[in-house]
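Here is a short tour of one protein chain, from its overall layout down to a single helix. Have a look at the model first, and then let's walk through it together.

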Amino acid sequence: ELAVVIGVGGRNIARADALKHVFGYTIVNDVTARDVQLRHQQWDLGKSFDTFCPMGPWIVTADALDPAKSRVRTWVNGELRQDANTKELVHDCHALVEHLSTAFTLEPGDVISTGTPGGVGIASRPPKLLAAGDVVRVEIARIGQIENPVIEAPEDVEERLHAIDRE
């Protein structure tokens, strides 16, 4: 996903002023443990494991990228899975900054993830879920690319999740 990095904080930011608060943009690999998400019917656990949500490889300044028309592509083991453009976002960067700043103050360094393009594995028929050993590469034109290996979860994770299930 395209990620917005806030440079100038603010609250109740008007749409017209939203991009004045943006320092730059980077890439976010929005990793989700679908089994955990579906089992617990919550987004928080399924998206919050250590090593999830890698970002990078760097931040490009706001003047170096048009957030309204940037190509976003994702490959898994060399297979193109997502190929979209930020012009297809449900909520553009202006709207996200405006909306989020109505609920809380945005601070310099805050990162806003803009949303996942179509092509996620869970929506494929049959589903194409990530497994240990897979390699995910995300690329956004003018920013670059990041590549992340999928690793096996630590052994104690399953035990801790079962303890939550019993509560």
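Of the contacts in the protein chain with a separation of 6 or more, 64% join residues 24 or more positions apart. This is a predicted model, so please read the values below as computed from it.

The chain has four helices and eight strands, and along the sequence they follow the pattern β-β-α-α-β-β-β-α-β-β-β-α. Of its 167 residues, 36% are buried. The chain exposes about 9800 Å², with carbon and sulfur atoms supplying 54% of that area.

Now for the inside. In soluble globular proteins, nonpolar side chains tend to be buried together. Here the largest nonpolar core has 22 residues, and Leu2, Val4, Tyr25, Val97, Ile112 and Ile143 have the most contacts inside it. Each element in this table supplies at least two residues of that core:

| Element | Residues |
|---|---|
| β1 | 2-6 |
| β2 | 22-28 |
| β4 | 71-76 |
| α3 | 93-103 |
| β7 | 135-140 |

Which residues does tyrosine 25 touch, leaving out those up to four places away in sequence? Among them are Leu2, Ala3, Val4, Leu19, Trp58, Ile59, Val60 and Ala62. Leu65, Pro67, Cys93 and Ile143 are also touched by tyrosine 25.

Helix α3 deserves a closer look. Its buried residues are Cys93, Ala95, Leu96, Val97 and Ser101, and what covers the buried residues of α3 includes β1, β2 and β6 (111-113). At the N-terminal end, aspartate 92 caps α3, with a side-chain oxygen 3.2 Å from the backbone nitrogen of histidine 94.

Notes
Residues numbered from 1 in each chain as written. Predicted model: local features only at pLDDT ≥ 70, side-chain atom pairs only at ≥ 80, totals over all residues. Heavy atoms only, no water. Core = buried A, V, L, I, M, F, W, Y, C linked by side-chain atoms within 4.5 Å. Buried < 20%, exposed > 50% of the residue type's maximum accessible area, 1.4 Å probe, protein only. Contact = heavy atoms within 4.5 Å. Areas by Shrake-Rupley, 256 points an atom, 1.4 Å probe, with all protein chains shown as cover. Polar contact = N/O pair within 3.5 Å; in protein donor to acceptor, adjacent residues only side chain to side chain.
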